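Reader: Could you walk me through this model? I would like to go piece by piece, with room for follow-ups.

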Amino acid sequence: MASGSTLKAWLHGLDGPHLARVLAARKDAVSPPEPRSVGELADRLQRPGSVALALPRLALPCLQAAEALVALGARATRDALAELLGVAAPGAARHLDATLEVLSDHALVWQDGNGTLRMAAPLRQAWDDPLDFDAPLEELLTGATSDELRGMLEALGINPPSTEQQRLAALVEHHSDPELVASVVAKAPTAARELLEGRARSGPGEPQLIMIGAPGHDLEPGARWALERGLLVQDRRCYGPARMPTEVALALRGPGWRAPFQPVPPSVRLASVTPAEVDREASAAAAVFAARAASVLSACSAAPPARLKSGGIGARELARIGKAAQADDAVVRITLEAAYAAGLLGRDGDCVAPTEAYDAWAAKEPSEQFARLLQAWWNLALTPSRARDEDNRALPVLAGAPPCAGCLEARRGLLVATAELPAGQGARVTADLGRLVAWYRPLADPAPQGGTPFGAAIREAELLGVLARGALSDLGAALPADDAEGLAVVCRRLLPEATATARIGADLTAVVTGTPTAPLTALLNSTADRETSGTASVWRFSADSVRRALDAGRTPDDLAADLAAVAAGPLPQPLSYLIADTARRHGRVRIAPAACVIHGEKPALLTEIAANRKLSRLGLRQVAPTVLVGRSPLKETLTALRTEGYAPVAETAEGTVRIERARPRRAAATVPVPRRYGDNAAIRSVVAREAKAPAAVNLNALAVRLLTAPPDAPAPDPFGSGVPFGTDTEEIVSGYAKWLSYSDVRQLAHALNAGTPITVEYIDTSGSRTVRTLSRLALDPPCLEAWCHLREAERVFALSRIHGVMPAQTEYTVTNSTAYGRSEI
């Protein structure tokens, strides 16, 4: 590990291969534009957002070592870290060195020339209470006066130095010696000793805000003795109880206490598996998924699914697509999300329809189709097969949910964990892989399924052939390299070519082994009904299916010739008879569209009307000597005929002459009946409460306020007119809450700034409209974190789904006593 006191100096001292590893591990920080110098690279690597992106990609021992380093503070060394983690055996020491090397490759930890382990500044902010420790003594004593430091040293029996810096250094040096701290606490009064030992075990307490002017925080028994010696430090900002420095807590936990460190992944029950078995099962799974995915998208092409008002495709449309494609819900969800990410589907008004790219995709071989969907699935920032939210409500597909980095890391962690299994071995029970993924990616979203952590990611990988027999297939091995050509080669090897022929039997069925080509699928779908799909697909011919093909414009001869061209043998006689018999009966009865019918007793008159060029716009056509049908409505036809000098009369639907009598216009609304209230006392109280006069308003103060206000209220400025927002919070909220009026934006922004509760009208992911009262608001664009009083739990709300805002107030529910036997208010 190269040395350097700062990250910039450490990067300067790296050799080429090591710096290349850093750039590969932190691709997020070196994305275009490329850094022009090491100094610019160091600045990017130390950005809080960059460090936050790097942490989810680290395994458990890396996070444990980093947390221990944060707890040790600025004086952390490799030996101090090893002692804190309990790394004494040579094997464990090698694991620690390997862990530090990984942190070094991510530019999160490096060693300076004095042997001190340095950390990127944002890494210190990743843990509020590392190892349940509070801040170091030197940080807690920031702002302490020289006299306060002198008093602490004298209470400890130490001769205080002359300067403030020396006194602080002496106090830090004393508290950094666990034996000295333990000896002082051993001589403490019983109340103080019990307080200190209990605080050391439990960690820092919950911060509590003490209002200015309120009585001070009552000291716990024994706290004053500890405060006088710096074993506890009172927060100078008046937040909560006294705080225990890290050095004191570490000393009181005893020499035998060690921070958690699990350098070895958990064991998994293994079973022997050969590469041929993995390839065979992966090939079968991939072929089945490719066939069903093609059927799902074909069903979307035939009848584009409608979108919910709140966005996305709901459960009803998903069930319809699944029934048409004979695919289960997970396959439908994965296919739709992957196809949308690959550009094969797009929003078209109030529905989702295939794009022009879908036509080119549908004409390709199954291996190429599957490779594109698999690559899209690998990069999805969500768990597509997840069907329920935390409230057990159905989740729509393509709802535009915010990206989930934890879902993406769960998928990557699964492949990393499976790749580390011994060669020729696979997980006997794939559910065991969940514990392994949790070790490789502790910060990933577990997305449990059936009680199994990471169960959804495991199930998706099995459906796609990425995992087979509990082992990583060649498909899974090719995904992390982001090599599209290499993935296509593997797909071509594992997936067979599409089948262009079908075995048509005398029982009026067509059987296709493997995946049918796009032309064969289109032909059979247009002439027969699909019964099964998968490794073998079956279509059945019937009179209705043949009639459907004739309705589409095919002739009987063309239909028989097309089927004979794709048949593996001669066309069966029953099918030829079915086509001929259906064609003979096809079109015997015809139905013509007509907006109105003109009939009379004089054939010559009707012939004259049909031949009149001035009436051609009516679209008249003679279907009998005394009958004309037209495309124009009755009223328009009457007006046109009368304009040309004819005297037609209109008929009713019953065939009688319609009397055209003008009637005077009258209002249809009736006078509403006055509302009456019963004798229910609860209802009367509510009515009386509503009838109270409003509170008095100081009209003079209101007038002054209105006169001094600007003529135009501040409003959003989408067109650059120069009208400002009232606050920055209003501008941020307005950018995401597109459904809110500006008055609602102001109200929500005020609640965020003032910390007051608010009531919102919210459209959840399932499309249901609910009214939620929220408190403890925290803005995290594009979301709002708050305590939901309806669910009695912390919830995250998308600002784009908030449709109304109102002040939080008591809600009254009045229930008719005659219906329920009681009244509720």
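**Strands, cores and salt bridges**

Author: Let me begin with a single pairing: I598 has L628, a residue of β15, as its bridge partner. Please keep in mind throughout that this is a predicted model.

Reader: Fine. In what sense do β13 and β15 pair, and over how many bridges?

Author: They pair in the antiparallel sense, over four bridges, with β15 covering residues 627–630.

Reader: And what is the strand order in the sheet they belong to?

Author: The order is β13-β15-β14, an open sheet of three strands with antiparallel pairing. Because β13 (596–599) and β14 (621–624) each have a single partner strand, they stand at the edges, and one side of each is left without a neighbour in the sheet. Neighbouring strands of this sheet are turned against each other by 30 degrees on average, with direction ignored.

Reader: Which helix lies across those strands?

Author: That is helix α30, residues 603–611, which lies across β13, β14 and β15 and runs at about 25 degrees to β15.

Reader: Staying with strands, which ones does β12 pair with?

Author: Strand β12 (residues 536–540) is joined to strand β10 (residues 509–513) by five bridges, and the two run antiparallel. Within that pairing, the bridge partner of T509 is R540 in β12. Strand β11 (residues 529–532) is also joined to β12, here by three bridges and again antiparallel, and T532 of that pairing has V538 in β12 as its bridge partner.

Reader: Let's change topic to the interior. Which residues touch the most other members in the largest nonpolar core?

Author: In that core, which has 67 residues, they are L336, F370, L374, W377, L414 and L475. The largest share of the core comes from helix α16 (residues 275–302), which supplies eight residues. There is also a second, separate core of 64 residues, with L123, A223, L252 and A259 among its members.

Reader: Take L475, then. What does it touch?

Author: Leaving out residues up to four places away in sequence, L475 touches A286, F370, L374, L464, G465, L487, V490, C491 and L494. Of these contacts, C491 counts as buried, because its relative accessibility is 0%.

Reader: Since you mention a cysteine, how many disulfides are there?

Author: A search of the whole structure finds zero disulfides. Another cysteine, C62, is buried as well, with a relative accessible area of 5%.

Reader: And salt bridges, how many?

Author: The search of the whole structure finds 28 salt bridges. As general background, side chains of opposite charge can pair when their charged atoms come close. One of the salt bridges here joins the side chains of D432 and R269, at 2.9 Å from N to O. This pair links distant parts of the chain, 163 residues apart, with D432 in the loop between β6 (425–427) and α22 (433–440) and R269 in the loop between α15 (246–252) and β3 (270–272).

Reader: Is D432 buried or exposed, and what about R269?

Author: D432 is buried, with a relative accessible area of 8%, whereas R269 counts as partly exposed at 47% relative accessibility.

Reader: Where does the salt bridge between R441 and E409 sit in the chain?

Author: The side chains of R441 and E409 meet at 3.2 Å, N to O. R441 is in the loop between α22 and α23 (455–463), and E409 is in helix α21 (residues 405–419), so placed that the pair links distant parts of the chain, 32 residues apart. R441 counts as buried at 10% relative accessibility, and E409 counts as buried at 8%.

Reader: What about R776 and E794, buried or exposed?

Author: R776 is exposed, with a relative accessible area of 55%, while E794 is partly exposed, with 45%. Their side chains meet in a salt bridge of 4.0 Å, N to O. Because R776 lies in strand β17 (residues 769–780) and E794 in strand β19 (residues 793–798), the pair ties together parts that are 18 residues apart in sequence.

Reader: Which residues are linked in a network?

Author: R21, E101 and D105 are linked in a network of salt bridges.

Reader: Last one: where is T729, and what does it touch?

Author: T729 is in helix α34, residues 728–736, and it counts as buried at 14% relative accessibility. Not counting residues up to four places away in sequence, T729 touches A749, L752, N753 and L779.

How values were computed
Residues numbered from 1 in each chain as written. Predicted model: local features only at pLDDT ≥ 70, side-chain atom pairs only at ≥ 80, totals over all residues. Heavy atoms only, no water. Core = buried A, V, L, I, M, F, W, Y, C linked by side-chain atoms within 4.5 Å. Buried < 20%, exposed > 50% of the residue type's maximum accessible area, 1.4 Å probe, protein only. Contact = heavy atoms within 4.5 Å. Pairing = 2+ DSSP bridges. Axes fitted to C-alpha atoms, helices over the stretch in contact; angles between N-to-C directions. Disulfide = S-S within 2.5 Å.
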